[in-house]
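User: I've got a fold to go through and I'd like the reasoning behind the labels, not just the labels. Can you take me through it?

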Amino acid sequence: MSNRYKEDFPILRQEPGRKPLIYLDNAATTQKPETVIRAMEDYYREYNANPYRGLYEISVKATDRYEEARSVTAGFINAKEPAEIIFTRNTTESLNLIAYSYGRSGLEEGDEILIPISEHHSNLLPWQQLAREKKAVLKYIYLDEKGSLREEELEEKITNKTRIVALAYVSNVLGTIYPVKNIIDKAHSAGAVVVLDCAQSIPHFPLDVQELDTDFAVFSGHKMLGPMGIGVLYGKKELLLRMPPFLTGGEMIDYVAEQEATFAPLPQKFEAGTPNVEGAVGLLEAINYIRQVGYAQIGAVEDALTAYALDRLKQVPYLTVYGEDSRTKNRCGVISFNLEGVHPHDTASLLDADGICIRAGHHCAQPLMKYLGLAATCRVSLYFYNTKEDIDALIASLMKVRRWLGLGN
Ligand SMILES: Cc1ncc(COP(=O)(O)O)c(C=O)c1O
């Protein structure tokens, strides 16, 4: 099964004289289609200027495109209005902003913050810091052996002291898709707000913030075909209005006197300094590209690839997959595994010799690794431009690893 989408990605195109690239590290970052690259190049070639401040044509165009990116992003996730979209550098910065601004003004001693044990460090450390500062309690939701959330665990852990529930829609280690609507409803019944980390979900399936009724949602442009350096924070307007600024300085003010200042309205209140216009333009094109392919098609291609990859991995001797090892509706194409007797870094390095890019390590989720009794894993993460041939190449290479290391088959 070749894949017509590969042609849209210059780095993946088969060029004469170039080693084919088999890119299976999409959870770390995705590759960029020609349209995204060209849109950013056009920005620098045709209308690079500092937005908002300039009274000349190219500055107005830069402002218009930046605000168009905000409106399109708002529509893409069904936010009520563009002012609910704050551009940041990435998911990490969005989460820090929420913890700093909402958390420091909204939490008191003894309040509880609840997160699953599987969270990426970016959705853990800001809460750990906040809990320490406010003498709040950081509590964990533990998972079952397949990486799923247990209903009883949720019932027990969400209490009337819970103020914040922060969780990923999709685990960046196990590929588990969490039942977030159920969790959001339970959190709201207890009076808590929900922070939804969509870094690993929005590349693969739609996000509707109103339908979910999530209070905050965050994601990174670079994991959804856009450039690095642009991230999104969605927040319900009534919450954003109450929150103090995160960073202060230019662009985010209304009036400044020697000893005091008033701040700009949303969303500028949270966007201090010169914004990343290039990044916003790239994100806009990435959204256009995803819309053009369609989430239905992305999902269909990825589901088939995930099922195929999980089946084929079962054929590799001495290989263990962690989490759900068959394709189910609660699982997407992020697959962690190990080869018995082989350090994951060795596996990844040996695969690299065959032009295959995978990730090895703790995947910024050390508490999860400890909970699973693992030091590190190999991780393959698929996207719709991958093919069965990519997976066949992975399997052929994995079959050789133990032999290469003198461990037999
Ligand atoms: C679930 C999840 N959250 C947060 C992040 C952090 O994203 P970024 O490095 O773009 O801030 C990642 C990155 O892998 C992730 O997978």
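**Helix pairs, sheets and a ligand shell**

Analyst: Let's start with a helix pair: α1 and α9 cross in the right-handed sense. Bear in mind that this is a predicted model.

User: Why are α1 and α9 called roughly antiparallel?

Analyst: Helix α1 (residues 34-46) and helix α9 (residues 277-293) pack at about 150°, and their axes are 8 Å apart. Anything over 145 degrees counts as roughly antiparallel, so that is the label α1 and α9 get.

User: Which residues of α1 and α9 meet?

Analyst: From α1 you have Thr35, Val36, Ala39, Met40, Tyr43 and Tyr44, and from α9 Val277, Glu278, Val281, Gly282, Glu285, Ala286 and Tyr289. Sorted by class, the contact of α1 with α9 has 9 nonpolar, 2 polar and 2 charged residues.

User: What makes α3 roughly parallel to α4?

Analyst: The axes of helix α3 (residues 91-106) and helix α4 (residues 125-134) cross at roughly 20° and come within 9 Å. Under 35 degrees counts as roughly parallel, so α3 and α4 qualify. On the α3 side the contact uses Leu95, Asn96, Ala99, Gly103 and Arg104, and on the α4 side Pro126, Trp127 and Leu130. The classes there come to 5 nonpolar, 2 polar and 1 charged. The crossing of α3 and α4 is right-handed.

User: And how do you know that α10 and α13 are roughly parallel?

Analyst: Same kind of check. Helix α10 (residues 295-313) and helix α13 (residues 388-404) pack at an angle of about 20°, with axes 10 Å apart. The cut-off for roughly parallel is under 35 degrees, so α10 and α13 are roughly parallel to each other. In α10, Leu305, Tyr308, Ala309 and Arg312 meet Lys388, Ile391 and Ile395 of α13. That contact of α10 with α13 holds 5 nonpolar, no polar and 2 charged residues.

User: On to the sheets. Why are β11 and β14 called edge strands?

Analyst: The sheet in question is open, has 4 strands in the order β11-β12-β15-β14, and its pairing is antiparallel. β11 (319-322) and β14 (359-361) each have a single partner strand, so one side of each has no neighbour in the sheet. On average, neighbouring strands here are turned by 30° against each other, direction ignored.

User: How do you know that β11 and β12 pair?

Analyst: Pairing takes at least two bridges. β11 and strand β12 (residues 334-339) have 4 bridges, in the antiparallel sense, so they clear that bar. One bridge links threonine 320 with asparagine 338 of β12.

User: Which helices pack on that sheet?

Analyst: α10 is one of them, touching β11, β12 and β15 (377-381), with its direction at about 10° to that of β12. Helix α11 (residues 344-352) also packs on the sheet; α11 touches β12, β14 and β15, and makes about 160° with the direction of β14.

User: What makes the other sheet mixed, and what is its strand order?

Analyst: The order of the 7 strands is β2-β8-β7-β6-β5-β3-β4, the sheet is open, and the label describes its pairing as mixed. β2 (85-88) and β4 (137-141) are the edge strands, each pairing on one side only. From one strand to the next, the twist averages 20°. Strand β6 (residues 193-197) and strand β7 (residues 216-220) pair in the parallel sense over 3 bridges, and valine 195 has phenylalanine 216 of β7 as its bridge partner. Helix α6 (residues 180-189) packs on this sheet, touching β5 (162-168) and β6, with its direction at about 170° to that of β5.

User: What makes the peptide bond from leucine 266 to proline 267 cis?

Analyst: Its omega is near 0°. Proline 267 belongs to the loop between β10 (261-263) and α9.

User: What is notable about phi of tyrosine 318?

Analyst: Phi is near 65°, a positive value in a residue other than glycine. Tyrosine 318 lies in the loop between α10 and β11.

User: Last one: how many residues surround the ligand, and of which classes?

Analyst: There are 13 residues around the ligand, and the closest are Asn90, Thr92, Asn172, Ala199 and Ser220. The shell divides into 3 nonpolar, 9 polar and 1 charged residues.

Technical notes:
Residues are numbered from 1 along each chain as its sequence is written. This is a predicted model: local features need pLDDT of at least 70, side-chain atom pairs count only at pLDDT 80 or more; totals for chains, interfaces and linings use all residues. Axes are lines fitted to C-alpha atoms, for helices over the stretch in contact, and angles run from 0 to 180 degrees between N-to-C directions. Helices (H or I, at least four residues) and strands (E, at least two) are DSSP runs, numbered from the N terminus. Angles under 35 degrees count as roughly parallel, over 145 as roughly antiparallel, 65 to 115 as roughly perpendicular and the rest as oblique. Two residues are in contact if their C-beta atoms, placed from the backbone, lie within 7 Å. Ala, Val, Leu, Ile, Met, Phe, Trp, Tyr, Cys and Pro count as nonpolar, Asp, Glu, Lys and Arg as charged, and the others, Gly among them, as polar. A residue is near a molecule or strand if its C-beta atom, placed from the backbone, lies within 6 Å of it. A crossing is left-handed if the near helix is turned anticlockwise from the far one by less than a right angle, and right-handed if clockwise.
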